[in-house]
Amino acid sequence: MPVTSIRLAAGLTEEHQLALLKSITNPFALTSEERRYLMDGIDLLRTCQVVVDDRNLTFAKFFELFIDGVYTEKFIDAVLISRQIYIEGQKQKKIVIAEIRARFADEQWFRQDLLDSRFLIAFCLYWWNSLATGYIFEIEVFRDLQSSGIIFQAHDLRKRAERFSFADLTISNWQGDVKSSTYFFYVARSSGLLHDFYVTRYYDAVERLYSWFVILRLEYWNQIDGETQSMIFPNWPDDFLQPVSFDFGDNKWVAVTYEVWKSKVLAFQEEGV
């Protein structure tokens with residue numbers, strides 16, 4: 001069932017297209033400016049149109065049907081049963097990427113005589129990498145919370161409907177989300193931060209590793225501790241030796257290291273027992 005036509009959305013500039021194509025060929029070489037064009041370009045691609053097997057689909061719907069609906073559950077099952085979540089997750093993610101590339105060739109979803117089909121594969125590879133990375137991190141967080149003795153309820157990643165639930169996890173009536181990067185802040189500039197807390201991470205270029213931290217509503221932090229120092233968003237400190245508070249939207253938030261947050265939550269739960 002080959003792709004027979006592609007219709008790109010208005011507003012997809014040459015800069016967007018160059019960043020999208022570079023994300024396929026050499027993603028680690030993207031500059032910060034190119035990454036901004038990539039993010040904007042991916043958003044624009046969601047509503048682009050593709051005709052496949054006489055069906056007119058958006059790129060987002062194509063991804064849902066032919067990528068997410070085919071590979072995600074098997075991927076999650078493999079990571080969930082593994083003792084080495086990150087290592088197995090990265091392995092399985094690469095396997096699926098290779099399968100997606102092969103299927104694009106076999107099914108003629110990518111065609112040399114239809115160059116705009118390059119943007120369909122760019123969209124699918126970007127979103128698969130993003131989804132898989134997010135699920136790996138989410139499973140890591142759930143496994144760690146469980147081993148730490150924290151009482152929480154998590155949605156069931158094996159069930160598609162629950163993967164799209166409002167909250168990834170609930171702790172003591174606080175609803176939280178797990179985010180593998182702080183990019184969600186930029187999305188939230190228009191939609192706002194709707195959850196009570198966010199478990200996330202940032203990449204420390206000096207140490208060459210990811211550091212986990214938690215962003216939570218000030219009222220939630222006041223219940224488990226209360227002490228902070230102020231900062232101006234988004235000027236994150238080099239470390240979180242002390243929790244920091246900041247304004248975002250109409251609310252006050254606190255950023256704290258994952259380990260400190262976890263110890264406060266555990267003490268709060270133990271006191272409540």
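**Entry 1. The sheet S1-S2-S3**

I began with the open sheet of this predicted model, where 3 strands lie in the order S1-S2-S3 with antiparallel pairing. I asked which strands stand at the edges. They are S1 (3-7) and S3 (55-58); each has a single partner strand, so one side of each is left without a neighbour in the sheet. I noted an average twist of 20° from one strand to the next.

I then went through the pairs. S1 and S2 (residues 49-52) run antiparallel and are joined by 4 bridges. In this pair I found Ile6 opposite Val50 of S2, and Arg7 opposite Gln49 of S2. S2 and S3 are likewise antiparallel, with 4 bridges between them. Here I recorded Asn56 in S3 as the bridge partner of Val51.

The link between S2 and S3 was checked next. The two strands form a hairpin with 2 residues between them. In its turn, Asp53 has a positive phi of about 55°.

As a reminder to myself, side chains in a regular strand alternate between the two faces of the sheet.

**Entry 2. Helix H3 and Phe62**

I looked up what packs on this sheet. Helix H3 (residues 59-80) does, and it touches S1, S2 and S3. The direction of H3 makes about 100° with that of S3.

Within H3 I selected Phe62. Is Phe62 buried or exposed? Its relative accessible area is 0%, so I entered Phe62 as buried. Setting aside residues up to four places away in sequence, I listed what Phe62 touches: Val50, Val52, Leu57, Ile67, Phe104, Trp109, Leu120 and Cys124. Of these names, Val50 had already appeared in my notes, opposite Ile6.

I also took one distance from Phe62. Asp40 is 22 residues from Phe62 in sequence, and the C-alpha atoms of the two are 19 Å apart in space.

**Entry 3. Cysteines**

The contact with Cys124 led me to the cysteines. How many disulfides does the structure hold? I found 0. The closest cysteine sulfur to that of Cys48 belongs to Cys124 and is 12 Å away, too far for a bond, because a disulfide requires the sulfur atoms to be within 2.5 Å. From the other side, Cys124 is in no disulfide, and its nearest cysteine sulfur is that of Cys48.

I checked accessibility for both residues. Cys48 is buried at a relative accessible area of 0%. Cys124 is buried too, with a value of 0%.

**Entry 4. Val96 in helix H4**

I next examined Val96, which lies in helix H4 (residues 85-106). Its relative accessible area is 7%; the limit for buried is under 20%, so I classed Val96 as buried. Leaving aside neighbours within four places in sequence, Val96 is in contact with Tyr71 and Trp128. From C-alpha to C-alpha, Val96 and Thr72 are 9.2 Å apart in space, with a separation of 24 residues in sequence.

**Entry 5. The second largest pocket**

I turned to empty space in the model. The second largest pocket holds about 200 Å³ of space. Which helix gives the largest share of its lining? Helix H5 (residues 117-148) does, with 4 residues. The lining includes Ile139, Phe142, Arg143 and Gln146. Also among the lining residues I noted Leu80, Phe152, Ala154, His155, Asp156, Leu157 and Arg158.

**Entry 6. Strands S7, S8 and S11**

I moved on to the later strands. S7 (197-204) is joined to S8 (residues 209-217) by 8 bridges, and the two run antiparallel. Tyr203 stands opposite Tyr210 in S8. S7 and S8 form a hairpin with 4 residues between them. Arg208, in the turn, has a positive phi of about 60°.

S8 is also paired with S11 (residues 251-257): I noted 5 bridges and an antiparallel run. In this pair Val214 faces its opposite residue, Val256 of S11.

**Entry 7. His195**

Where does His195 lie? I located His195 in the loop between helix H7 (184-191) and strand S7. His195 counts as buried at 7% relative accessibility. Residues up to four places away in sequence were left out of the contact list. On that basis, His195 touches Phe166, Ala167, Gln175, Gly176, Asp177, Arg217 and Trp253. Two of these contacts refer back to the previous entry, since Arg217 falls in S8 (residues 209-217) and Trp253 in S11 (residues 251-257).

Terms used
Residues numbered from 1 in each chain as written. Predicted model: local features only at pLDDT ≥ 70, side-chain atom pairs only at ≥ 80, totals over all residues. Heavy atoms only, no water. Pairing = 2+ DSSP bridges. Axes fitted to C-alpha atoms, helices over the stretch in contact; angles between N-to-C directions. Contact = heavy atoms within 4.5 Å. Buried < 20%, exposed > 50% of the residue type's maximum accessible area, 1.4 Å probe, protein only. 1 Å grid on protein atoms, 1.4 Å probe; cavity = no way out; pocket = protein on both sides within 12 Å on 5 of 7 lines; lining within 4 Å. Points joined across faces, edges and corners; volume = space filled by probe spheres on them.
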